[in-house]
Amino acid sequence: MILIEKGDAETYNRMALREVETAARSCDAVVLAQGSMTVLLPLLGHIQKPVLTSPRLGIERVRTVLGL
């Protein structure tokens with residue numbers, strides 16, 4: 001069973017944060033591709049690479065297409 005489904009968001013977030021930090025060491029940018037990962041944003045100030053979120057980018061694109 002998935003940690004989030006079990007109500008263990010703290011462990012999920014800790015594991016996801018560790019993976020983001022690891023990826024940032026060897027990648028040019030990090031993409032948080034799931035909406036549930038955006039809760040990590042306040043914890044990523046120390047990451048020196050760009051951190052993008054696909055939910056935010058998707059909403060911005062929709063707004064552009066719709067002229068909003």
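Buried means under 20% relative accessible area, exposed over 50%, and partly exposed in between, with a 1.4 Å probe and protein chains only. The model is predicted, so local features need pLDDT of at least 70 and side-chain atom pairs count only at pLDDT 80 or more, while totals for chains, interfaces and linings use all residues. Numbering runs from 1 along each chain as its sequence is written, and side-chain values use heavy atoms, leaving out hydrogens and water.

**Exercise 1.** Work out whether Leu 68 is buried or exposed.

*Solution.*
- Start with the place: Leu 68 sits in the segment after α2.
- Now the number: its relative accessibility is 69%, so Leu 68 is exposed.

**Exercise 2.** Do the same for Thr 53: buried or exposed?

*Solution.*
- Thr 53 belongs to strand β2, residues 51-53 (strands are DSSP E runs of at least two residues; helices are H or I runs of at least four, both numbered from the N terminus).
- Thr 53 counts as buried because its relative accessible area is just 4%.
- Beyond neighbours within four places in sequence, Thr 53 touches Leu 32, Thr 38 and Leu 41 (contact: heavy atoms within 4.5 Å).

**Exercise 3.** Find which element gives the most residues to the largest nonpolar core.

*Solution.*
- That core has 11 residues, among them Tyr 12, Leu 17, Val 30 and Ile 47 (a core joins buried Ala, Val, Leu, Ile, Met, Phe, Trp, Tyr and Cys through side-chain atoms within 4.5 Å).
- Two or more residues come from each of α1 (9-26) and β1 (30-32).
- The winner is α1, with five residues.
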